[in-house]
Amino acid sequence: MNTADLGLPVDVPSTALFTDQYEFTMLQAALKAGTADRRSVFEVFTRRLPDGRRYGVVAGTGRVLDAVENFRFDAGVLGFLREQGIVDEPTLEWLASYRFTGDIWGYPEGEVYFPGSPILRVEGTFAECVLLETVILSILNHDSAIAAAASRMAAAAGERPLIEMGARRTHELSAVASARAAYVGGFTSTSDLAAGFRYGIPTVGTSAHAFTLLHDKERDAFQAQVASLGSGTTLLVDTYDVAAAVRTAVEVAGTELGAVRIDSGDLLLVAHRVRQQLDELGATGTRIVVTSDLDEYAIASLAAAPVDAYGVGTQLVTGSGHPTCSMVYKLVARARSGDPKAPLQSVAKKSLGGKFSLGGRKWAARRTDAYGVAEAEVVGTGPVPAELADRQLLVELIKGGEVVAREPLDEVRDRHIAARGGLPMSAVQLSKGEPVIPTEYV
């Protein structure tokens, strides 16, 4: 199934309260001061990549578009804000008719990014843009972290497919978002049915150890599963004795057995032994799937093993040690008055302590060498150099408040594979290092 994001709302009345209180208090103060209507430009970027990462992956853009569309203040939400005294009545009246009417540009989902990359640019009045900060950062920080981990795992796995299996290791809504982000990063399927329903991601799953333990004998469990799902199913063979289970599995399903799954033990050693046993039993086409707390390093260590697919859970949905990307949402330009034609003025935080920001409405382009391999991320605020005009990265996502760039998730996934392939080969090395290309400011 190859579908675009369905634009479904999350299971709450709106996304308007996926925010921090200070965004509402800033809005109230700006409305009173007469500055709320000043045309403003906010940008999402990160000052650094997580320790040891060579590139980042933009993920969650489609969910951001859904969140902006569903950012509405219904009676229940307004009632909560009134009862809690969050904002005053004039502000509540303003919120009642809130609709984002501005423009959003960003790196296309699946693209790679680097420190300083203007991943998302939100333009409109200060009032309508400032309210979106938290929900945008919540989505992009989470999904991009998962996609980056998934991308590293996919690079380590090579052509072998990866199954996302982390739903039971995270929040139920995060599980759906994680499955989506993992698919962007290169995974091929998920065990999470909500992700399959909402985003059209292929779903897989057969049985757990509980199914084997339910039956009096392992053979009984295998017979029941094969009778229900056919000989092409995947049988879990490490509940008791692996060698005995493999032998029983082939006796029950025949040499057309689809796959066996190994979920414990020394996976490298066990995979070799199981492959030899399967071949000796004539089940040369039976695949071997391994699970059990895998991460990119464990996957890489199994590169020489006779493994056909990997199932990954905990390490994936926690970003393999980096559950956020430290993206920020900063005002970089604003008009000098509320006049829609007033010129923009660059603004930026200039405090010490590593939080310096560069003001100005930015463009970004990726310079490549003679072989088409990326050699620098170029970020600027002035005219785009002619030689980079066709290498610009930002695309229009929302125009005048209307989404203009929804796309099938398969296209996003293909884009990421292509973007990662356009980086220097050292990008997929698992050893720690600096960003694989530098960011240059012009």
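Thr 368 is found in strand β14, and this residue makes a good starting point for a walk through the model. Keep in mind from the start that the model is predicted.

## Starting at Thr 368

Is Thr 368 buried, partly exposed or exposed? Its relative accessibility is 25%, and buried means under 20% while exposed means over 50%, so Thr 368 counts as partly exposed. Now look at what surrounds this residue. Leaving aside residues up to four places away in sequence, Thr 368 touches Val 373, Ala 374, Glu 375 and Arg 391. You can also find Leu 388, which is 20 residues away from Thr 368 along the chain; the C-alpha atoms of these two are separated by 9.6 Å.

Next, follow the strand itself. Strand β14 covers residues 363–368, and it pairs with strand β15, residues 374–380. The pairing is antiparallel and runs over six bridges. One of the residues to look for is Trp 363, whose bridge partner in β15 is Gly 380. Between the two strands of this hairpin there are five residues. Gly 372 in the hairpin takes a positive phi, near 80°.

## Two serines with positive phi

Gly 372 is a glycine with positive phi, but some residues other than glycine have a positive value too. Ser 320 is an example, with phi near 50°. Another is Ser 326, where phi is near 60°.

Where do you find Ser 320? This serine sits in the loop between α14 (314–317) and β12 (327–335). Ser 326 is also placed in the loop between α14 and β12. How exposed are they? Ser 320 has a relative accessible area of 11%, so it counts as buried. Ser 326 has 44% relative accessibility, so it counts as partly exposed.

## The chain as a whole

Let us step back and view the full chain. How many helices and strands does the protein chain have? There are 15 helices and 18 strands. Along its principal axes, the C-alpha trace spans about 80 × 55 × 35 Å.

The chain has 442 residues, and 51% of them count as buried. Its accessible surface comes to about 19,300 Å², and carbon and sulfur atoms hold 53% of that surface. Contacts tell you how the chain folds back on itself. Taking the contacts with a separation of 6 or more, 74% are between residues 24 or more positions apart.

## Open and enclosed spaces

Finally, look for the empty spaces. The structure holds three cavities of 30 Å³ or more, and there are pockets to explore as well. The table sets out three of these spaces.

| Space | Volume | Lining by class |
|---|---|---|
| Largest pocket | about 830 Å³ | eleven nonpolar, 16 polar, six charged residues |
| Largest cavity | about 90 Å³ | six nonpolar, two polar, five charged residues |
| Second largest cavity | about 60 Å³ | seven nonpolar, four polar, one charged residues |

Begin with the largest pocket, which is lined by 33 residues. Nearest its centre lie Met 165, Ser 191, Ser 207, Arg 261 and Thr 291. Which elements give two or more residues to this lining? They are β6 (162–164), β10 (287–290) and β11 (309–312). The largest share, three residues, comes from β11.

Move on to the largest cavity, with its space of about 90 Å³. Its lining is made of 13 residues, and the closest to the centre are Gly 62, Leu 65, Glu 109, Ala 405 and Glu 407. Two or more lining residues come from each of α2 (61–69) and α15 (409–421). Helix α2 gives the largest share, three residues.

What lines the second largest cavity? Among its lining residues are Leu 49, Pro 50, Arg 53, Tyr 55, Gly 56 and Tyr 113. Ser 144, Ala 145 and Ala 148 also belong to the lining, as do His 322, Thr 324 and Cys 325. The largest share here is three residues, from helix α6, which covers residues 133–157.

Definitions and conventions. Residues are numbered from 1 along each chain as its sequence is written. This is a predicted model: local features need pLDDT of at least 70, side-chain atom pairs count only at pLDDT 80 or more; totals for chains, interfaces and linings use all residues. Side-chain values use heavy atoms; hydrogens and water are left out. On a 1 Å grid over the protein atoms alone, a cavity is a set of points where a 1.4 Å probe fits but cannot get out, and a pocket is an open set with protein on both sides within 12 Å along at least five of seven lines; lining residues have an atom within 4 Å of a point. Grid points are joined across faces, edges and corners, and a volume is the space filled by probe spheres set on the points. Helices (H or I, at least four residues) and strands (E, at least two) are DSSP runs, numbered from the N terminus. Ala, Val, Leu, Ile, Met, Phe, Trp, Tyr, Cys and Pro count as nonpolar, Asp, Glu, Lys and Arg as charged, and the others, Gly among them, as polar. Buried means under 20% relative accessible area, exposed over 50%, partly exposed in between (1.4 Å probe, protein chains only). Contact means heavy atoms within 4.5 Å. Accessible areas come from the Shrake-Rupley method with a 1.4 Å probe; for residues, only the protein chains shown count as cover. Two strands pair if DSSP finds at least two bridges between them.
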